[in-house]
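Reader: I would like to learn how to read a model of this kind. Please take the features one at a time.

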Amino acid sequence: MTTPVPVTCPLCEATCGLLVTPTAEGIKVRGDRDDVFSKGYLCPKGASIGELHEDPDRLRAPLVKRDGEFVEVSWEEAYAEIERRLPAVQAVHGRDAVAAYFGNPTAHTLAGALYLRPLIKALGTRNIFSAGTVDQVPRMFVAGYLFGDVATIPVPDLDRTDYLLVLGGNPLVSNGSMMTAPDMRGRIRAIAKRGKVVVVDPSRTRTAEAASEHLAIRPGTDAFLLLAMVHTLFAEDLVTLGAADGLVRGVEEVRSLAADFPPEAVAERTGIEAETIRRLAREVAGTERAVVYGRMGTTTSAFGTVNSWLIDVINVLTGHLDRPGGAMFPMAAAGQPNTRPGPRKPFRHGRWRSRVSDLPEVMGELPSVALAEEISTPGEGQVRALITVCGNPVVSVPGSDDLDAALADLDFMVSLDVYVNETTRHADVILPGPTPLERAHYDLLLYQYSVRNIARWSEPVLPTEVPPDWHAMVRIAAIASGAGAEVPVEQLDDALAAGLAQLNGVEPATGLHGPERLLDILFRAGPYELTFAEVAAAPHGIDLGPLQPRLPGVLSTASGLVDLAPAAILEDVPRLREAAAQPVLDDGLVLIGRRHLRSNNSWMHNVPTLVGGTNTCTLHVHPDDATRLRLEDGGRAAVASAAGRVEVAVEVTDTIRSGVVSLPHGWGHEGIRGSVATKDPGVNSNRLGDVSRRDAPTGTAVVNGIPVTVAPV
Ligand SMILES: Nc1nc2c(c(=O)[nH]1)N[C@H]1C(S)=C(S)[C@@H](COP(=O)(O)OP(=O)(O)OC[C@H]3O[C@@H](n4cnc5c(=O)[nH]c(N)nc54)[C@H](O)[C@@H]3O)O[C@H]1N2
Ligand SMILES: Nc1nc2c(c(=O)[nH]1)N[C@H]1C(S)=C(S)[C@@H](COP(=O)(O)OP(=O)(O)OC[C@H]3O[C@@H](n4cnc5c(=O)[nH]c(N)nc54)[C@H](O)[C@@H]3O)O[C@H]1N2
Ligand code: SF4
Ligand SMILES: [Mo]
């Protein structure tokens, strides 16, 4: 038995500390009780990280497609193929003809956090896409305009709050998102015990079950509920800015907008009684340590930006911004834009627009729902080549059938991925990376959303022949920028380190290289002035303490204030008023999504212990709807939307609101190398997704609240 190695689990946002022991009988995993943050907690996914590592279907060597079949090649052959084909597309069709898509794990790897920007820069294309526009971009957009930077996001101070209002999030299952902390179950139960947790969700989720109160809202109507709460705050004179007093502009604009939305006007539309809405507003305002939090159900719906905005508005108007127990700004040890000294540029968006549907750029990216049409619509600027990094857009982006067809038409495609999946099967070259146990880790991005300030470095547990993902990123960057495939990685990395050091006003350390050296620069320039050596010397983590008030220094808006009513958000109000003028229809069904504790988007269904049981792809239908539609539990149903049709097993359950059905995403495994995943493939819910349903300001896809019809088959 070897000694257990402490590592951070990179599989979700909770950043648990694991103890991993490689033994002759296999890899043993348990929670690390000495971890400063997770104190021994782990979930089934973390526990299966050894199984994931040993998955025989996982790629260990590069693949190149020859005559329609993948063949294993050496790394040099793979890069030679890229060099032969990528610059040719750039030369003939221009830089914008090469698009890139970055998936979720890029936020969970050092390679993604540190080496993606240089790759994007080298590509010099406007056609950058990511999973963000099927996820949290509205949240970041709002932070950009209210606080000045897309990464200046206040998070619920979970460990000190006495009242948590959750809209459209299921942290007991997702383990939390845009609020990094291990053991959401323990943390949320503790709040319910000392105070109150209210969950607003069309589904009675595990979080709703653990909460003090559950309100089964009609999908897509959170903006109206939140506006009526804001209305109540003004009408009942409950507005008090607290720590933000004197630092907020735009309060009057918010007051006059909310004047038109009294609780009575939204009760039927939201399915929540007027008196309940008033009580919620009073409870949030009247509790000294209270906070409102929203996640996927609020961002990936028709009014994603307005929802995220109103959540911040309520936290500000009730004096909970920047207060212990309220919505606070984390202060990460490294790489957080809002800790950079000197003037910072206020956020803006729409610096360019997509060619076909004229959708705005946000954070340098175009909405992912535009990817398929950018490939398939001929004309000047048409996308002819694609690079995907840790992503599976064919499964994760609405309009799957069109994207699947479009990818087959590309002149060239490279994927950095560890599986042949629904997307990468279209690639001409696939470059794999090491497993989570074979690489070093530091949660550079997630600590920026952490409910406690933490720093924790992990060394690789196991040796590997597979080069780290960042090697592929810098080598493709070199090819795309014309330097070629021959330049040694070390030379490219030295140049990057020199650039980052200069930007941060420090000298790069000697004796370090790769991510270690870049992190060292960011630690030393960071607010705690740590060094890489100090962080690496504490494998169970360094606890930098609870969140501290950060106003006004954290702000980087043009006014230097919290800009509560920015034009870029108010522009969407006419659309909201239009929706408010529509009659409330009660005859149709709407589709929403759900996650399972043992799932991870589209890519962990090949781990035997994680699939099966309750983690199967079924359509949740309320008993009343099942009776009306003659659907049987265990029977099959055809679900159709304006965009597509799927057939799936029915699960009758009263956990879902009547009039609403739910399907998990990440399923529909076809044409892939996944011997376990293809046994019970499920259906791809994004075949029902309609690319024309978007949040207007950001173009973020609506994956929650899609009108559908359901019939027995
Ligand atoms: N209908 C619907 N659609 C949704 C959602 C929803 O709730 N409903 N959720 C959305 C959200 S929140 C997200 S984040 C997206 C996710 O969308 P994507 O990021 O496009 O999809 P993932 O399934 O996370 O795919 C991750 C890929 O990374 C690969 N990978 C994993 N680890 C590594 C690694 O270490 N190195 C490399 N090179 N590759 C790796 C996996 O094999 C997999 O192919 O889906 C979105 N789509
Ligand atoms: N086990 C597991 N954990 C994960 C993932 C996973 O796939 N599996 N994925 C990770 C990723 S990439 C992310 S982004 C996070 C997401 O983290 P969460 O947002 O916490 O997770 P979801 O399960 O998507 O929760 C969204 C909730 O919104 C509800 N909802 C749908 N429509 C509406 C609406 O109109 N209004 C309201 N109020 N609620 C609505 C849904 O019923 C659902 O319960 O989870 C992460 N963690
Ligand atoms: S909760 Fe997330 S970070 Fe913790 S063990 Fe599970 S997957 Fe890993
Ligand atoms: Mo996500």
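Author: What follows goes through the domains, the ligands and two backbone details. This is a predicted model, in which local features need pLDDT of at least 70 and side-chain atom pairs count only at pLDDT 80 or more, while totals for chains, interfaces and linings use all residues. Residues are numbered from 1 along each chain as its sequence is written, chains are lettered from A and ligands numbered from 1 in the order in which they are written, and side-chain values use heavy atoms, with hydrogens and water left out.

Reader: Into which domains is the chain divided?

Author: Domain bounds come from an automatic or database domain assignment. Here the chain has domain 1 (137–331 + 553–575) and domain 2 (585–712). Taken over C-alpha atoms, their centres are 27 Å apart.

Reader: How is the size of an interface often given?

Author: It is often given as the accessible area lost when the parts come together. Buried area is the accessible area (1.4 Å probe) that two parts lose on being put together, summed over both. Between domain 1 and domain 2 about 2000 Å² is buried, with 55% of it on carbon and sulfur atoms. On the domain 1 side, Arg204, Pro219 and Thr300 lose the most area to domain 2, together 25% of what that side buries. Counted by contact (heavy atoms within 4.5 Å), 28 residues of domain 1 touch 23 residues of domain 2.

Reader: Where does ligand 2 lie, and why?

Author: Ligand 2 lies between domain 1 and domain 2, because both give residues to the shell around it. A residue is near a molecule if one of its heavy atoms lies within 4 Å of it. The shell of ligand 2 holds 32 residues, and the closest are Asp201, Gly220, Asp222, Arg595 and His596.

Reader: Which helices and strands each supply at least two residues of that shell around ligand 2?

Author: Helices (H or I, at least four residues) and strands (E, at least two) are DSSP runs, numbered from the N terminus. Helix 6 (171–174), helix 13 (296–299) and strand 21 (589–594) do so; the largest share, three residues, is from helix 6.

Reader: Which polar contacts does ligand 2 have?

Author: A polar contact is a pair of N or O atoms within 3.5 Å; within protein, one must be able to donate a hydrogen and the other to accept it, and residues adjacent in sequence count only if both atoms are side-chain atoms. A nitrogen atom of ligand 2 is 2.7 Å from a side-chain N or O atom of Asp222. For a polar backbone atom of His596, the distance to a nitrogen atom of ligand 2 is 2.7 Å, and for a backbone N or O atom of Gly168 it is 3.3 Å. The protein covers 97% of the 910 Å² of accessible area that ligand 2 has on its own, by the Shrake-Rupley method with a 1.4 Å probe; for residues, only the protein chains shown count as cover.

Reader: How many residues surround ligand 1?

Author: There are 28, and the closest are Asn104, Asp417, Asn421, Arg439 and Ser602. A polar side-chain atom of Asn421 is 2.6 Å from an oxygen atom of ligand 1. A nitrogen atom of ligand 1 lies 3.1 Å from a side-chain N or O atom of Asp469.

Reader: Which residues surround ligand 3?

Author: Among them are Cys9, Cys12, Cys16, Cys43 and Asn175.

Reader: What sign of phi do most residues other than glycine have, and which form do most peptide bonds take?

Author: Most such residues have a negative phi, and most peptide bonds are trans. Asp183 has a positive phi, near 60°, and sits in the loop between helix 6 and helix 7 (184–194). Leu551 and Pro552 are joined by a cis peptide bond, with omega about -5°. Pro552 belongs to the loop between strand 19 (542–546) and strand 20 (562–563).
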